[in-house]
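Hello,

Here is the structure I promised to pass on to you. Have a look at it first, and then read my notes below.

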Amino acid sequence: MERVADLVLEGGGVKGIALVGAIEVLEERGYTFKRVAGTSDGAIVGALVAAGIPAGKLVEIMSAVDYPAFRDGRWFTRYTAGKAISILAGNGIYRGDYLRTWLQSHLDEYGVKTFADLPYADAERPPAPERAFRLVVTASDISNGRLRYFPADYGEFGFDRSGQSVVDAVRTSMSLPFFYRPVRLGSPSAQRAWLVDGGMLSNFPIGVFDVPSGTVPRWPTLGIKLSALPDASQGRGYPVTGPLSMGRAMLKTMTGFYDRMHIDSSDTRARTIFVDTGTIRTTDFGLTREDREFLYRRGRAAAENFLDGTPTRQAWDFDSYIAAHRM
């Protein structure tokens with residue numbers, strides 16, 4: 001039986017294969033996705049899903065990712081002093097150019113370059129023009145202290161929304177502070193801003209597709225969150241021996257917090273697939289084959305438990321969700 005849903009994907013750095021494992025199970029159960037939203041690595045996977053790439057192909061793509069290549073800094077960034085120089089000179093160690101090339105190579109196979117290639121239409125409830133796209137990517141605007149939703153917010157910077165590059169939006173969303181250089185956006189006739197990883201403000205924008213209060217949704221928004229249990233061991237700590245290690249520890253604490261945190265809202269918990277990714281961290285670029293298989297299997301198991309239920313959780317049922325949270 002075919003089912004439709006909107007999909008929201010949490011950012012998780014190198015852990016995108018866990019998202020794909022869960023998506024594969026949803027597709028096996030008949031789900032197709034109207035719209036997709038994501039942050040950071042969730043934006044990478046979200047772009048591939050929005051382009052229409054089937055789950056089996058997604059597994060192949062994400063299993064073969066050369067994560068060390070994403071660390072595309074100058075040769076001297078292999079050393080601590082070189083990293084410090086890159087941060088001082090460019091506000092980040094890595095350029096993020098490899099991500100653009102890699103992601104575009106996969107989107108090209110499905111004819112996707114700009115948001116115009118990802119249109120969203122709804123005859124019964126026509127979306128506003130700025131929301132007429134199948135993909136939403138978030139980024140943190142540190143110049144104005146607010147979360148940005150692209151392509152909708154491109155209009156505030158003087159740009160045509162539909163003409164903007166999908167991979168550029170994803171690159172903006174994955175601008176992990178200090179790791180990747182931030183993105184400066186703006187035109188001479190509009191405001192300008194520095195943008196970094198959307199996870200700074202909201203790593204899991206689960207409400208982005210919600211209908212107005214008092215309106216019953218015709219299909220669910222399902223979330224996939226890379227969240228370990230609060231009392232699960234998180235592995236080694238972050239030793240602080242000086243300014244650089246302190247900055248690194250603060251950054252890892254910030255990004256890791258979102259990965260571990262459970263959501264308090266019963267509405268959100270009811271429609272979210274929680275994937276316990278163990279002790280694997282957002283910036284563990286040296287993932288082994290065993291690590292990837294572990295993440296993939298955890299994603300599949302989490303989706304199966306969500307759909308079928310467990311001794312402590314009811315199986316997912318959209319009608320029950322509506323009665324409990326939307327009536």
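**What I found around the annotated site**

With a relative accessibility of 9%, S40 is classed as buried, because the cut-off for that class is under 20%. Please keep in mind that this is a predicted model.

I started with S40 because an unreviewed UniProt entry annotates S40 and D197 as "active site". The two are spread over 158 residues of sequence, yet they cluster in space, with a largest C-alpha distance of 6.3 Å.

Where does S40 sit? S40 lies in the loop that links β2 (31–38) to α2 (41–50). Not counting neighbours within four places in sequence, S40 touches G11, S173, M174 and D197.

D197, for its part, belongs to strand β8, which covers residues 192–197. D197 is buried as well, at 7% relative accessibility. With neighbours within four places again left out, its contacts are T39, S40, S140, T172, S173, M174, S175, L176 and P177. S173 and M174 therefore appear in the contact lists of both S40 and D197.

Which side chain does the side chain of D197 meet in a polar contact at 3.4 Å? That partner is the side chain of S40.

One more item concerns the strand beside β8. Strands β7 and β8 run antiparallel and are joined by four bridges; in one of these pairings, L185 has A193 in β8 as its bridge partner. L185 is also on the covered face of β7 (residues 183–186), together with V183, while R184 and G186 make up the uncovered face.

Best wishes

Note on methods:
Residues are numbered from 1 along each chain as its sequence is written. This is a predicted model: local features need pLDDT of at least 70, side-chain atom pairs count only at pLDDT 80 or more; totals for chains, interfaces and linings use all residues. Side-chain values use heavy atoms; hydrogens and water are left out. UniProt positions are given in the numbering used here, feature names are shortened, and annotations may be inferred rather than shown by experiment. Helices (H or I, at least four residues) and strands (E, at least two) are DSSP runs, numbered from the N terminus. Buried means under 20% relative accessible area, exposed over 50%, partly exposed in between (1.4 Å probe, protein chains only). Contact means heavy atoms within 4.5 Å. A polar contact is a pair of N or O atoms within 3.5 Å; within protein, one must be able to donate a hydrogen and the other to accept it, and residues adjacent in sequence count only if both atoms are side-chain atoms. Two strands pair if DSSP finds at least two bridges between them.
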